[in-house]
Amino acid sequence: MILSNCFKTDAIMNIEDIKKRLISQSKKDDQWIKDAEYRQANKAWLDLSASIAIHILSTLRRKGMTQKELAIALELSPQYVNKIVQGKENLTLETITKIEKVLNISLVEVPSFTVSQDYGVNAWLSDTPSYKKLQSLKSEMNLSQKADCIYDYNVLKIA
Amino acid sequence: MKIIDTFAVLNESLFSVQFEQEVTHEFARLFNIWNDPEYLFDFFNENLTDLQGGFWGDINISEAIQRTRNEASELEAKILAIAKTGQTNHYENLSTLFTPLNNDPCRIESYEKSKTRIRKGSWLRVYAIRVDLNTYVVCGGAIKLTKTMNARNHLKLELEKLEFTKNYLLSESPDAHDFVELF
């Protein structure tokens with residue numbers, strides 16, 4: 001319980017003195033900028049990692065399980081498990097599936113999708129002006145012509 | 001309560017104190033805990049009544065953690081931007097980020113207790129003492145789930161830290177002083 005404040009009140013410093021003292025006596029901290037830049041640059045996967053951590057933490061709470069028990073079940077160190085629940089670990093698929101198995105939960109799901117016939121081309125060329133032109137030509141060709149056209153384009157691109 | 005060090009976070013404008021029981025200064029500590037899902041999970045579980053009590057609506061813990069992390073990221077980005085442009089652009093400085101704690105825009109006192117929030121409707125607060133125009137000393141922060149600061153212990157502690165830091169700055173020999181805890 002805090003009962004008294006022992007500050008001197010007879011020697012009040014003025015603003016300039018305080019600023020001088022702050023500037024001369026404070027330690028320079030450059031680390032926060034590095035940490036902040038790291039968090040900003042890696043926000044996407046750190047957010048995913050945090051979501052996984054929250055899911056793990058709430059499952060542990062629901063099951064009445066400790067992080068240490070989880071570490072033993074996963075055959076990982078408690079320090080590593082702690083890093084996971086702090087959302088700092090860039091998890092591998094292997095580790096994720098191990099956790100899913102031990103906790104009997106689903107952490108990551110790949111949405112279902114359909115592979116189209118020319119998916120490979122669409123995936124890497126779809127934004128280029130040349131490909132858009134090609135697409136308009138394709139609409140007037142038969143299938144065999146389309147294949148030749150795509151082949152020619154790929155050769156041209158590689159060359 | 002005792003301040004063991006001060007740190008310059010932004011050159012000659014943003015400073016931060018380190019309290020005795022902490023491993024780092026307040027500014028760094030806040031962004032560490034606001035990004036830590038484990039800390040946030042425990043915090044929101046401990047304050048579940050406030051979280052779901054209506055002041056912010058009815059928010060679940062998972063949403064609250066994501067919201068906190070997003071707000072922290074937004075605030076950090078703003079301070080980073082000031083760190084990079086504040087030296088040359090006089091309109092982009094800390095004074096645009098901090099406002100008086102008392103919500104009275106017409107009265108700015110010396111050594112004003114100040115707060116920053118990224119926008120209206122955000123619940124993260126960084127608390128600081130305003131020493132001068134564009135000179136602030138960070139002494140704490142909070143996830144403010146209630147309207148006032150007097151109703152919750154974790155917020156009352158922040159008020160004490162503000163007062164303590166103000167006195168620390170005004171004291172001629174700050175190293176010689178601290179609160180006395182009798183029991």
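1. A residue is taken as partly exposed when the number of other C-beta atoms within 10 Å of its own falls between the limits for exposed, 12 or fewer, and buried, 20 or more. In this predicted model, Glu112(B) has 18 C-beta neighbours inside 10 Å and therefore counts as partly exposed.

2. Glu112(B) belongs to strand 4 of chain B, residues 112-116. Leaving aside residues up to four places away in sequence, Glu112(B) touches Pro100(B) and Arg130(B). Its C-alpha atom is 7.2 Å from that of Val131(B), although 19 residues separate the two along the chain.

3. The sheet is open and consists of seven strands, ordered 2(A)-1(B)-2(B)-6(B)-5(B)-4(B)-3(B), with mixed pairing. Strand 2 of chain A (27-28) and strand 3 of chain B (98-100) each have a single partner strand, so they stand at the edges with one side lacking a neighbour in the sheet.

4. Within chain B, strand 2 (residues 14-19) and strand 6 (residues 135-143) run parallel and are joined by three bridges. Leu14(B) has Tyr136(B) as its bridge partner in strand 6 of chain B.

5. Helix 4 of chain B (residues 61-85) packs on this sheet, where it touches strand 1 (3-10), strand 5 (124-132) and strand 6 of chain B. The direction of helix 4 makes about 30 degrees with that of strand 5 of chain B.

6. The length of helix 4 of chain B agrees with expectation, because 25 residues at 1.5 Å a residue should span 36 Å and the end C-alpha atoms are 36 Å apart. Its buried residues include Ile61(B), Ala64(B), Ile65(B), Leu75(B), Ile79(B) and Ile82(B); Arg69(B) and Glu76(B) are also among them.

Key. Residues are numbered from 1 along each chain as its sequence is written. Chains are lettered from A and ligands numbered from 1 in the order in which they are written. This is a predicted model: local features need pLDDT of at least 70, side-chain atom pairs count only at pLDDT 80 or more; totals for chains, interfaces and linings use all residues. Helices (H or I, at least four residues) and strands (E, at least two) are DSSP runs, numbered from the N terminus. Two residues are in contact if their C-beta atoms, placed from the backbone, lie within 7 Å. Two strands pair if DSSP finds at least two bridges between them. Axes are lines fitted to C-alpha atoms, for helices over the stretch in contact, and angles run from 0 to 180 degrees between N-to-C directions. The expected span of a helix is 1.5 Å times one less than its number of residues.
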